[in-house]
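Take a walk through this protein chain, from the whole fold down to single side chains. Keep the coordinates open as you read.

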Amino acid sequence: MNRMAARLLERVFVKVHIRAAWNKLHNITEQGELSSALESLIHLTATDSSYCELIGVMVDMISTDSLGIAAPFLCHIIDMAALPSQQTTRRMSQQLLSKCDPGGLARLRSKKKNKPAAALIWSVLANRLAGEMSSFLFSDAVCGCLLNNIENDPDMLCKVFSIIALEKFSLTGLCKARIMRTPIRRLLRDTANMSTFGLTDQEEIAGIMQAKFCAEWSLRNIFRDNTLEPTEPQSDASPRDSDPRTEETKRPAGPKTANINVMLNTLDATRHWKVSEDGLSIRNDGSTFESIRATKSYGFAYDGCRNMIWADGDSEPYGDSEPWRPGDVLGFYLDIDNAVMECFINGRGLGPISPLSKEHLEIQAVAGYYPALSFTSFQQATINFGATPFRYPPALPWRNLNDNATISAEMRMAIVRPRSDSIHGRIVLDPVTGVRLPAMAEEESEIDYSLLCTICCDHTATVTLQPCGHNGLCIQCAYSLDM
């Protein structure tokens, strides 16, 4: 009896400690205190019981309203955590399942909040444990739960994180084979076909757009029908013959991107972006901070979460006291002649700024200013460089980038090429000039994704780390590891 009481007290102490450390993360501004709170949580993963407690408390405490802050902390903690045992992995998955469908009065109180949080944690764990451990995490019940979320849950974030979780599980060959035997493609098509017609609430529209983007990207890059060969890239000026294959297996049609002269350049970016077929919508579902530039130069930086403006490495307060919200429309105006910039939210100006001298601005303008974006985990946006009318055109004299730029057909196709086609025979271009570089040799055999590096998913996994014995890495990624 005393032993049981001691265990209960220990569990209560661990939970209280986790909650206190997690709450601190959202209020700390000093780097040293922040690192200390993170280290405290990471330390708890050293034992199997406290690891499970940590996951359980995170499901209860993660709020989708503050996901922009919570998600990077969650990714960092799990990335740095000790690797769990097989038994602990199974226990964590069962714990997440119970949080999604608790019994008694707890069901009404927590089920709605816990389901998207559980899907989010599954996605991070599946990415961290890609390989044999991921297959222990991915039971039939987990697969069924995530598929049911996509099909039936009205919460768009729950759909989004469930799609992402299945993407991360598909990094492991056995898990992907199981997923492909389910109606995943039908569910993704249904999600991709959702409509926002008649809706006026911007946050509701933003949620649907996120779900549609994730579903379309997964169909094109992860869960595509491998029995159908992709069509070959064609120049936008060439005629296209009729094709009996389904639309989702085709390359982007010419008219869809013919009037787009500026895109987000995946060849001039960090690795883990998801980019739409038109090169104007992007999303980061990785655990790292990602950045990308456009194909046409100019730009400066506005952070609407912390309300800061950045230029030449320096920052200063700017904008409202409240952070931007999902569904907000952001506008950016740059007048190089007068060294003036201004940001807009939903058509409302936040005030002109001159963070650089006119001479300095003109000197940098010779090399070019590039529109660029940096996202933390699970953030998404759609960009308009002027290919479609602006929702809130500025009252000041202006010209848009799209009408004053060109993009080669070859670069256009390289940017929007599905990821599953990029491992062999990829088009390699200089990220700035668009000049074609020598490509990798074409492989005629079907690609076995289970043999690829679990970090980059580009090269064959040939490295085993010593003395731990972990494998699943290519040479390039193995050399990039610090620990």
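What follows moves from the overall fold to the cores, and then to three individual residues.

This is a predicted model. The protein chain carries 16 helices and 14 strands. It has 483 residues, and 44% of them count as buried. Now look at how the chain meets itself. Among contacts with a separation of 6 or more, 61% join residues 24 or more positions apart. On the outside, the accessible surface of the protein chain comes to about 25300 Å². Carbon and sulfur atoms account for 53% of that surface.

Turn to the interior. The largest nonpolar core holds 69 residues. Those with the most contacts inside this core are Ile121, Trp122, Leu125, Phe138, Leu146, Leu166 and Phe169. Helix H6, residues 105-128, supplies the largest share of the core, nine residues. Another core, of 21 residues, lies apart from it. Its members include Val275, Ile383, Ala405 and Met411.

Leucine 166 gives a closer view of the largest core, being among its residues with the most contacts. Set aside its neighbours within four places in sequence. Leucine 166 is then in contact with Phe138, Leu146, Leu147, Ile150, Ile179, Ile184 and Phe223. Of these partners, Phe138 and Leu146 are also listed among the residues with the most contacts in the core.

Helix H6 also holds a polar residue, asparagine 114. Is asparagine 114 buried or exposed? Its relative accessibility is 2%, under the 20% limit, so asparagine 114 counts as buried. Where does its side chain reach? The side chain of asparagine 114 comes to 3.4 Å from the backbone oxygen of lysine 99. Leaving aside neighbours within four places in sequence, asparagine 114 is in contact with Val59, Asp60 and Lys99.

Strand E9, residues 340-345, contains cysteine 343. Cysteine 343 is buried, because its relative accessible area is 0% and the cut-off is under 20%. Isoleucine 353 sits 10 residues from cysteine 343 along the chain, and their C-alpha atoms are separated by 8.9 Å.

Finish at the surface. Trp324, Leu330 and Phe332 make a nonpolar patch of about 250 Å². Tryptophan 324 is placed in the loop between strand E7 (314-317) and strand E8 (330-335). Its relative accessible area is 30%, so tryptophan 324 is classed as partly exposed, between the limits of 20% and 50%.

Definitions and conventions
Residues are numbered from 1 along each chain as its sequence is written. This is a predicted model: local features need pLDDT of at least 70, side-chain atom pairs count only at pLDDT 80 or more; totals for chains, interfaces and linings use all residues. Side-chain values use heavy atoms; hydrogens and water are left out. A nonpolar core is a set of buried Ala, Val, Leu, Ile, Met, Phe, Trp, Tyr and Cys residues joined through side-chain atoms within 4.5 Å. Buried means under 20% relative accessible area, exposed over 50%, partly exposed in between (1.4 Å probe, protein chains only). Helices (H or I, at least four residues) and strands (E, at least two) are DSSP runs, numbered from the N terminus. Contact means heavy atoms within 4.5 Å. A polar contact is a pair of N or O atoms within 3.5 Å; within protein, one must be able to donate a hydrogen and the other to accept it, and residues adjacent in sequence count only if both atoms are side-chain atoms. Patches are made of residues with over 30% relative accessible area and no salt bridge: like charges are joined within 9 Å, nonpolar side chains (Val, Leu, Ile, Met, Phe, Trp, Tyr) within 5 Å. Accessible areas come from the Shrake-Rupley method with a 1.4 Å probe; for residues, only the protein chains shown count as cover. A salt bridge is a side-chain nitrogen of Lys or Arg within 4 Å of a carboxyl oxygen of Asp or Glu.
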